[in-house]
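Me: Please take a close look at a single part of the structure shown below, and set out how that part is put together. A formal account, with the cut-offs behind each term, would be appreciated.

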Amino acid sequence: MKVEAFLKGMQGALLFLVSIGMILVLPMNTSAEEIDPRSLESRSHLLGDLGGLRSTMESRGIVPEVHYFSTAMGALGGGVDQGGAYKGNFKVGLDANLETLFGLPGARVFLSAFTHHGQSLSRRSLGDSLGNRKDDVANSTHLFEFGYEQHLFQDHLSIKIGQIAVSSDFFGSVSGFFLHDSFNWQPNGQSGAPSGPDSALGARISA
């Protein structure tokens with residue numbers, strides 16, 4: 001059932017991106033791009049320009065985002081048990097430049113969603129309360145961020161509102177991601193601040 005839920009989440013997210021891409025591309029005469037495996041080292045994106053889809057969307061102010069990141073972990077000693085675990089996260093999103101789309105200077109809309117799957121090493125072997133990683137969360141598919149950002153006074157002031165996470169603007173120590181969440185600036189469940197993969201309704205002003 002967990003695998004089925006994960007696959008449905010991925011299918012829905014990909015269908016969403018493809019649908020928007022097709023709407024943007026169909027009116028245009030875009031030649032197909034041949035994907036050459038030998039060019040992988042020089043590409044800025046794994047799948048290249050996707051037959052002109054990516055460049056067409058970006059020229060109209062829409063930047064798609066698709067990420068998959070995962071970790072294989074193991075507890076070799078201590079804790080409550082020894083063993084391994086695999087945790088994976090699939091993220092999909094869109095960033096829309098409203099100045100390019102509608103002529104609104106300095107404005108953008110952002111949207112992203114997560115699908116988490118796999119096992120928790122903390123629950124399975126460690127028995128710690130913080131969670132050994134920031135993404136050590138229950139398997140689920142959920143909205144991450146959805147909001148509006150406005151840049152003013154030649155980018156000297158920025159206002160963001162919506163469903164947001166503070167980790168999008170302020171991150172912490174990289175060691176917290178690779179070693180343990182207790183090394184991070186805000187471990188899970190401690191301060192209650194909306195930090196990825198969690199978010200909350202709010203506003204952020206940057207100057």
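Reply: The account below concentrates on the sheet and on selected residues in and around it.

The model is predicted, so to be read with its thresholds: local features need pLDDT of at least 70, side-chain atom pairs count only at pLDDT 80 or more, and totals for chains, interfaces and linings use all residues. Residues are numbered from 1 along each chain as its sequence is written, and side-chain values use heavy atoms, with hydrogens and water left out.

As a setting for the sheet, the chain contains five helices and six strands. Helices (H or I, at least four residues) and strands (E, at least two) are DSSP runs, numbered from the N terminus. Read from the N terminus, the elements follow the order α-α-β-β-α-β-α-β-β-α-β.

The six strands form an open sheet in the order β1-β2-β3-β4-β5-β6, paired in the antiparallel sense. At its edges stand β1 (62-75) and β6 (200-206), each of which pairs on one side only. From one strand to the next, the twist averages 15°; the axes behind such angles are lines fitted to C-alpha atoms, for helices over the stretch in contact, and angles run from 0 to 180 degrees between N-to-C directions. Two strands are taken to pair if DSSP finds at least two bridges between them.

The pairings can now be followed across the sheet. Strands β2 and β3 are antiparallel and share 11 bridges; here Asn 89 has His 116 in β3 as its bridge partner. Between β3 and β4, again antiparallel, there are 10 bridges, and Phe 114 is partnered by His 142 in β4. Seven bridges link the antiparallel strands β4 and β5, with Gly 147 opposite Gly 162 in β5. Seven bridges also connect β5 with β6 in the antiparallel sense. On that side of the sheet, Lys 160 has Arg 204 in β6 as its bridge partner, while Gln 163 is matched with Leu 201 in β6.

A residue within the sheet gives a closer view of its surroundings. Lys 91 belongs to strand β2 (residues 83-97). Its relative accessibility is 16%, and therefore Lys 91 counts as buried; buried means under 20% relative accessible area, exposed over 50%, and partly exposed in between (1.4 Å probe, protein chains only). Residues up to four places away in sequence aside, Lys 91 touches Glu 65, Val 66, His 67, Ser 112, Ala 113, Phe 114 and Phe 144, where contact means heavy atoms within 4.5 Å. Among these partners, Phe 114 is the residue that has His 142 as its bridge partner. Lys 91 and Ser 112 lie 21 residues apart in sequence, and their C-alpha atoms are 7.0 Å apart in space.

Beyond the end of β3, Gln 119 sits in the loop between β3 (107-118) and α4 (121-126). With a relative accessible area of 32%, Gln 119 is partly exposed. Apart from neighbours within four places in sequence, Gln 119 is in contact with Met 73, Ala 85, Tyr 86, Lys 87 and Arg 124. The C-alpha atoms of Gln 119 and Met 73 are separated by 9.7 Å, although the two residues are 46 apart in sequence.

The turn between β4 and β5 deserves separate attention. Phe 153 lies in the loop between β4 (140-152) and β5 (157-164). This hairpin has four residues between its strands, and in it Phe 153 adopts a positive phi near 55°. Phe 153 counts as exposed because its relative accessibility is 62%. Together with Leu 152, Ile 159, Ile 161 and Ile 205, Phe 153 makes a nonpolar surface patch of about 480 Å². Patches consist of residues with over 30% relative accessible area and no salt bridge; like charges are joined within 9 Å, and nonpolar side chains (Val, Leu, Ile, Met, Phe, Trp, Tyr) within 5 Å. A salt bridge is a side-chain nitrogen of Lys or Arg within 4 Å of a carboxyl oxygen of Asp or Glu. Accessible areas come from the Shrake-Rupley method with a 1.4 Å probe, and for residues only the protein chains shown count as cover.

Finally, the whole chain supplies the context. Of its 207 residues, 36% are buried. The chain exposes about 12,300 Å², of which carbon and sulfur atoms supply 62%. Among contacts between residues at least 6 apart in sequence, 63% join residues at least 24 apart.
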